[in-house]
Amino acid sequence: MPELPEVESLRRILARSARGRTIVSAAVREKRLRRALGDEVADSVAGRAIVEIGRRAKYLLIELGGGMALMVHLGMSGSLTHRRDGFDPGPFDPRHDHVEFALDDGSRLVYNDPRRFGLIKLMRQAELASAAELRGLGPEPLSGDFSAEYFWRATRGRKAAVKTLLMDQRIVAGVGNIYASEILFRAGVRPTRRAGRVTRAEAGRIAAHTPAVLSEAIGGGGTTFRSYRDSRGQPGRFAKRLQVYDREGKPCVTCGAAIRQAIVGQRSSFYCPHCQK
DNA sequence: AAACATTCCTGCACGC
DNA sequence: TGCGTGCAGGAATGTT
C-alpha cells in the first residue's frame with residue numbers, strides 16, 4: 001500500500017491535525033519491527049512538541065521539539081492513524097497497534113502494522129540527512145529533479161527491466177509497485193523492457209508521467225488496494241482510477257486489449273500488450 | 001492457498 | 001587475481 005502518494009497524503013493530513021500538538025506520553029507494545037525500536041523512544045519523545053511533518057521518498061519525518069525527529073516507514077502493511085474519541089477502527093486489528101503516542105488534546109497517534117515490515121526510528125534532526133535510510137535516495141519525483149535527461153542517463157547500459165529501475169529508490173525516490181505499472185502504461189513502455197533499450201523519447205515520457213501519476217494519486221488520497229487507510233481511517237480513492245494494476249484480463253482503457261500480468265524483478269506487473277511496446 | 005503495497009541481504013557473474 | 005558493480009533470488013510476516 002504505502003508508496004509516495006499514500007505517505008504524502010498522510011503527511012498533509014497530519015500537518016493539519018497533529019502539528020503543534022505535544023506528545024504527552026508514548027507506549028511501545030511491540031518493538032520488533034523491521035528493526036527493533038530502541039528502548040529509549042517512549043521516554044525520549046514524551047513532552048516534545050510536533051513541530052513539523054515532512055516526507056522524503058516513502059519516509060514520514062516528524063520533527064519534534066528539542067532537535068529530535070521520528071522517522072516512520074509504513075513497510076507493506078503499516079498505518080499511522082490519528083484517533084480521537086469516536087474513531088472507527090475499521091479494519092485495524094488492535095493486536096497490531098504496536099506504538100501509540102498520546103497527544104495533549106486527548107487524541108492519539110497509533111502505529112499499526114500487521115506484517116511489521118515498517119520502521120520507527122528516533123534520531124537527532126541534524127542526523128536525518130546522513131541517516132542510512134535517506135542517504136543515497138534518488139531525486140524526489142515531484143521536485144522537478146527527476147528529469148528526462150536524468151532518467152535517460154540513469155538507464156544507459158543497464159540490463160535490468162525498466163520497471164525495476166523505476167522502483168529503485170536510488171534512481172528515483174518513492175515509486176513502488178502499483179504506480180510503476182501505471183506510469184509505464186501511460187508512457188507506452190512495457191515493464192519488461194531492458195532499461196538500456198529505452199529510447200530518449202520513452203525516457204522523456206516516463207519522466208513526465210511519473211510526477212503526473214503521483215500527483216493525481218495524491219489528489220485522490222492515495223490508492224487502497226487491500227487494506228490501506230489514511231490517518232483518518234479513510235480508504236484512498238485512486239484505486240478506481242488505476243488503469244492496469246490488478247486488471248489482468250480486463251480491457252485496456254485505451255484500446256480494449258486484455259491487460260496482461262508478468263513477473264518483473266519478483267514483482268507482479270501489469271501492462272497492455274497493444275499500447276505498450 | 002497463493003499472492004502481497006517494501007526493504008535488506010546473500011551469492012553469483014561479469015568486466016576492468 | 002582481486003575488486004566493485006549489477007542483478008536475481010530469498011527472507012522478514014500476517015492476511016485474504
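Trainee: What share of the atoms of DNA strand C within 4 Å of the protein belongs to sugar or phosphate?
Mentor: This is a predicted model, where local features need pLDDT of at least 70 and side-chain atom pairs count only at pLDDT 80 or more, while totals for chains, interfaces and linings use all residues. Residues are numbered from 1 along each chain as written, chains are lettered from A and ligands numbered from 1 in written order, and side-chain values use heavy atoms, without hydrogens or water. Some of those strand C atoms belong to bases, and sugar or phosphate accounts for 49%.

Trainee: Which residues surround DNA strand C?
Mentor: A residue is near the strand if one of its heavy atoms lies within 4 Å of it. By class, that surface has three nonpolar, two polar and five charged residues; here Ala, Val, Leu, Ile, Met, Phe, Trp, Tyr, Cys and Pro are nonpolar, Asp, Glu, Lys and Arg charged, and the others, Gly among them, polar. The names are R95, H96, P114, R115, R116, F117, R158, K159, A160 and Q266.

Trainee: Which residue has a side-chain N or O atom 2.5 Å from a base oxygen of strand C?
Mentor: We're talking polar contacts, pairs of N or O atoms within 3.5 Å. On the phosphate side, a polar backbone atom of K159 is 2.4 Å from an oxygen, and the side chain of R116 has an N or O atom 3.3 Å from one. For the base oxygen, look at R115.

Trainee: Which helix gives the largest share of the lining of the second largest pocket?
Mentor: On a 1 Å grid over the protein atoms alone, a pocket is an open set of points with protein on both sides within 12 Å along at least five of seven lines, and lining residues have an atom within 4 Å of a point. This one has a volume of about 160 Å³, counting the space filled by probe spheres set on the points. Domain 1 (4-127) and domain 2 (148-271), with bounds from an automatic or database assignment, each give the lining at least three residues. Helices are DSSP runs (H or I, at least four residues), and the largest share, four residues, comes from α1.

Trainee: Which residues line the largest cavity?
Mentor: A cavity is a set of grid points where a 1.4 Å probe fits but cannot get out, and about 40 Å³ of space lies in this one. Its lining has seven nonpolar residues, with no polar or charged ones. They are I23, I50, I62, L70, L80, F101 and L109.

Conventions
Polar contact = N/O pair within 3.5 Å; in protein donor to acceptor, adjacent residues only side chain to side chain. Helix = DSSP H or I, 4+ residues; strand = E, 2+ residues; numbered from the N terminus.
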